[in-house]
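Q: I am new to this structure and would like a careful, close look at one part of it. Please describe that part slowly, and then place it within the whole.

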Amino acid sequence: VKKISKLTKNEIAKFIDECECSNKQKNQILKELKSFFNYLIMEEILIASPVTNIKKYKVEKEEMKYWTPEQLKKVIDTLNEDCNSGTLNIKKNASLVKTFIMISFSLGDRVGETRALTYDCFNKDLLTVNINHSINYDRNSNDFLSNTKNYNSQRKIEITEKLINVIDDYKSFLTDSLNIPVKDSDIIFFNYSTNKPYSDDILRKKFNYYCEKANVPRIRMYDLRHTYVATMMAEGKELYHISRRVGHASYSTTVNKYGHLSTKIRKEIAEITDKYI
């Protein structure tokens, strides 16, 4: 439209305002533009950045969603039915989703961390799992794994034998029923048809299918992490002990994110007692 050196703050702000996207996406555009103009300053192409004083757009926080224990059980029961009596393709999808849900709910980890887990991350003797990576979201990269969100996200946490059995069952299904030569170093949620990890889109589609089939509220896969925290809080576990397991950089992060759930969960527990009165 005009030379970069002639662009003004108001013109750029107007450009972003008129973009047909969410405020969250507008903030991302602003972030990229700031980075671009800072580069131009560093290269001595510009003297000052015209986007420095443009304020971020207000983004309303999404309501935190999670399943109740009863809803989680409905989903698992539905998945077990398909695992035991469906066609081979149905069994494949059900086994995939069941394993994903069981890992995510049991560990309380992030979706990217779940997707990056390999079979040898799980120690059957010590009953622990090492979370050292997240999935690489750059589709153009040949590396499937990337770093976790922060240093504290790299952690070793305790697990149960039941979770080990779920993972072993999924591995056995791939090897015995689908004749796939699975190695311990393989990513668990690996699509052997494409020779790449399952994408977010494919996993989400299969996950949403079982939300509807089990007739439970549709939540995001990331909300399995919230489901874990909400369940632990309902069981009376302190946020302090939950914090390290979910890989937060500090205890205050856990409090700021989940502290408000405490009162809500207590009220829900109080209402449940009405059934018995």
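**Charged pairs and the packed interior**

A: K73 is exposed, its relative accessible area being 51%, while its partner D77 is partly exposed at 34%; here buried stands for under 20%, exposed for over 50% and partly exposed for what lies between, with a 1.4 Å probe and protein chains only. This is a predicted model, in which local features need pLDDT of at least 70 and side-chain atom pairs count only at pLDDT 80 or more, while totals for chains, interfaces and linings use all residues. Residues are numbered from 1 along each chain as its sequence is written, and side-chain values use heavy atoms, with hydrogens and water left out.

K73 and D77 form a salt bridge whose closest N and O atoms are 2.9 Å apart, the term standing for a Lys or Arg side-chain nitrogen within 4 Å of an Asp or Glu carboxyl oxygen. Both residues belong to helix α3, where four residues, about one turn of the helix, separate them. By this rule there are 12 salt bridges.

Another of these pairs joins E113 to R155, with 3.0 Å between the closest N and O atoms. This pair links distant parts of the chain, since E113 is in helix α5 (residues 111–116) and R155 is in strand β5 (residues 155–158), 42 residues apart; such helices (H or I, at least four residues) and strands (E, at least two) are DSSP runs numbered from the N terminus. Both members of this pair, E113 and R155, are buried.

Helix α5 also holds R115, which forms a salt bridge with D200, the closest N and O atoms again being 3.0 Å apart. This pair too links distant parts of the chain, with R115 in helix α5 and D200 in helix α7, 85 residues apart. R115 counts as buried, at 7% relative accessibility. A network of salt bridges ties together R115, D200, D201 and R204.

From the charged pairs we can turn to the nonpolar interior. In soluble globular proteins, nonpolar side chains tend to be buried together. The largest nonpolar core has 57 residues, and among its members W67, I101 and F122 touch the most others; such a core is a set of buried Ala, Val, Leu, Ile, Met, Phe, Trp, Tyr and Cys residues joined through side-chain atoms within 4.5 Å. At least two core residues come from each of α3 (69–85), α4 (88–107), β2 (128–131), α6 (161–177), α7 (200–213), α8 (223–234) and α9 (239–246). The largest share is that of α4, which supplies nine residues. Apart from this core lies another one, of 10 residues, which includes A13, I16, L40 and L46.

F122 deserves a closer view. Setting aside neighbours within four places in sequence, F122 is in contact (heavy atoms within 4.5 Å) with I103, L117, T128, V129, I159, L163, I164, I167 and I188. One of these partners, I103, lies in helix α4 and is buried, with a relative accessible area of 0%. When residues up to four places away in sequence are not counted, I103 touches G108, D109, T114, L117, F122, L163, I167, I188 and F189. I103 and I167 are 64 residues apart along the chain, yet their C-alpha atoms are separated by 8.4 Å.

Helix α9 offers a further view of the interior, for its residues L239, I242, S243, R245 and V246 are buried. Among the elements that cover these buried residues are α4, β5, α8 and α10 (251–258). Just after α9 comes G247, which takes a positive phi of about 80 degrees. As a counterpart on the exposed side, K31 in helix α2 (residues 23–42) counts as exposed, with a relative accessibility of 56%. K31 and K56 are 25 residues apart in sequence, and the distance between them in space is 9.0 Å from C-alpha to C-alpha.

It remains to place these parts within the whole. The protein chain has 11 helices and seven strands, and its C-alpha trace spans about 65 × 55 × 35 Å along the principal axes. Of its 277 residues, 41% count as buried. Among the contacts between residues at least 6 apart in sequence, 62% join residues at least 24 apart.
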